[in-house]
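Biologist: I would like to learn how to read helix packing and ligand shells in a model. Can you take me through one case?

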Amino acid sequence: MAAIETLERPVRSASQRSPSVEKPSLIGLSREDMGKALRDSGVPERQVKMRVSQLWHWLYVRGVSDFDAMSNVSKDLRDLLSRNFTIARPEIVEDQISNDGTRKWLFRFPARGAGRPVEIETVYIPEEGRGTLCVSSQVGCTLTCSFCHTGTQKLVRNLTAEEILAQLLTARDCLGDFPDRDTPAGAIVPSEGRKITNVVMMGMGEPLYNFEHVKTALLIASDGDGLSLSRRRITLSTSGIVPEIYRTGEEIGVMLAISLHAVRDELRDMLVPINKKYPLKQLIEACRAYPGLSNARRITFEYVMLKDVNDSLEDAKELVRLLKGIPAKINLIPFNPWPGTNYQCSDWEQIEKFADFVNQAGYASPIRTPRGRDILAACGQLKSESERMRKVDRMAFEAMMIVGHGEDDDSDDR
Ligand code: SAH
Ligand code: SF4
């Protein structure tokens with residue numbers, strides 16, 4: 001059975017956690033909204049712009065989660081800020097490291113209004129030369145893709161921009177990925193020295209059903225004076241919400257991944273039911289129109305390999321025909337099993353045949369190495385605490401699990 005290491009965490013003291021959200025967070029606000037929040041709490045107008053810049057630096061370059069750490073902000077102002085706002089991180093309920101180095105956190109965010117606290121999972125995947133954080137956008141998902149574990153969980157709610165960003169900030173805390181002290185002239189950690197170099201919106205939820213919050217969070221994550229992640233290193237994966245694909249291109253400008261999984265409407269209607277609303281023709285048109293595409297900026301098409309369902313060479317042929325003319329790469333994802341599913345992963349030989357065919361037609365076709373399967377961190381295995389397996393079920397599941405193997409190439413997003 002695979003080894004699972006659970007670290008002795010949570011590291012935060014109770015006083016650093018935010019027990020409720022009575023106080024609004026300053027994290028996840030645009031500069032404009034942060035300015036308004038400061039003004040409303042009594043910061044003099046002539047100071048607002050400068051204070052926003054200071055706070056932006058402390059929050060997103062230095063990664064502080066306590067107003068008292070803001071050494072160039074006067075004590076009076078720090079007191080005013082902490083009376084009115086929070087910048088606390090979520091509680092870390094679980095912190096697991098897979099035997100392949102993949103790390104998964106279960107974060108708990110406090111209740112909002114009449115709601116209950118929510119728990120979500122975030123996964124870090126270290127690889128040679130880069131590290132990818134897989135971020136969630138919703139608790140659960142309203143869509144019901146038949147091969148996806150998250151899809152069996154009802155939507156609890158959309159995450160706020162703060163909660164989306166908090167996943168990145170807290171993961172960077174845990175990985176020691178914020179600079180310890182001021183670098184000359186407040187320089188930002190060079191991207192090659194970072195542990196998290198890439199972000200993929202491929203955790204729980206459909207990001208384009210939470211468009212505004214995802215947009216705000218990603219614009220902050222890519223802000224050059226803050227977290228400074230290049231938009232080319234952020235990939236948003238969608239099951240195909242066509243109108244919001246156009247908006248993503250125009251308003252966010254990050255890299256796009258499409259959960260394609262089938263090349264004929266009849267089958268895609270079953271695997272990815274949103275296809276009934278936005279069929280393949282419309283989806284592919286939106287992809288063709290995505291701004292800025294070139295050989296260096298390709299759309300990733302994700303294709304889960306399901307034995308005897310979508311893995312024939314006929315499917316591969318149709319895939320190549322469908323994507324003709326689109327700068328694309330095709331990520332083949334070996335199906336990750338979960339308890340209760342009726343699907344099986346395609347045979348390895350068949351996955352390779354499929355990959356070779358697509359590759360010979362001129363498309364990069366990396367096979368995504370399953371990562372963190374032993375801690376249920378792999379694609380489609382995420383689910384929040386409210387619905388996690390009982391421990392015994394999980395042990396039985398680990399025992400039956402197929403060990404993943406395969407090769408990845410550098411152009412894979414995860
Ligand atoms: N909701 C978004 C993003 C999250 S899912 C989307 O659907 O694109 C990230 C990727 O994992 C998607 O391509 C999804 O289809 C795939 N996936 C879901 N369940 C899976 C499973 N059990 N095995 C392999 N991949 C899976
Ligand atoms: Fe939701 Fe994506 Fe899973 Fe479909 S594959 S159910 S859209 S999380």
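Biologist: How do helix H5 and helix H6 pack?

Modeller: Two packed helices are described by the angle between their axes and the distance between the axes. In this predicted model, H5 (residues 211-221) and H6 (residues 242-252) pack at about 25°, their axes 11 Å apart. Axes are lines fitted to C-alpha atoms, for helices over the stretch in contact, and angles run from 0 to 180 degrees between N-to-C directions. Helices here are DSSP runs of H or I with at least four residues, strands are E runs of at least two, and both are numbered from the N terminus.

Biologist: Which orientation class do H5 and H6 get?

Modeller: H5 and H6 are therefore roughly parallel. The classes: under 35 degrees is roughly parallel, over 145 roughly antiparallel, 65 to 115 roughly perpendicular, the rest oblique. H5 passes H6 in a right-handed crossing (near helix turned clockwise from the far one by less than a right angle; anticlockwise is left-handed).

Biologist: Where do H1 and H2 fall, parallel or oblique?

Modeller: H1 (residues 31-40) and H2 (residues 45-61) pack at about 120°, with axes 9 Å apart. That pair is therefore oblique. The crossing of H1 and H2 is right-handed.

Biologist: Now the ligands. Which residues are closest to ligand 1?

Modeller: A residue is near a molecule or strand if one of its heavy atoms lies within 4 Å of it. Ligand 1 has 20 residues around it, the closest being Gly205, Ser237, Ser259, His261 and Asn336. Strands E9 (234-238), E11 (299-305) and E12 (328-334) each supply at least two residues of that shell.

Biologist: What polar contacts does ligand 1 make?

Modeller: A polar contact is a pair of N or O atoms within 3.5 Å; within protein, one must be able to donate a hydrogen and the other to accept it, and residues adjacent in sequence count only if both atoms are side-chain atoms. An oxygen of ligand 1 sits 2.6 Å from a side-chain N or O atom of Ser259. A ligand 1 nitrogen is 2.9 Å from a backbone N or O atom of Asn336.

Biologist: Which residues surround ligand 2?

Modeller: Cys141, Leu143, Cys145, Cys148, Gly151, Gly205 and Ser239.

Biologist: Any ground rules?

Modeller: Residues count from 1 along each chain as written, chains are lettered from A and ligands numbered from 1 in written order. Local features need pLDDT of at least 70, side-chain atom pairs 80 or more, while totals for chains, interfaces and linings use all residues; side-chain values use heavy atoms, without hydrogens or water.
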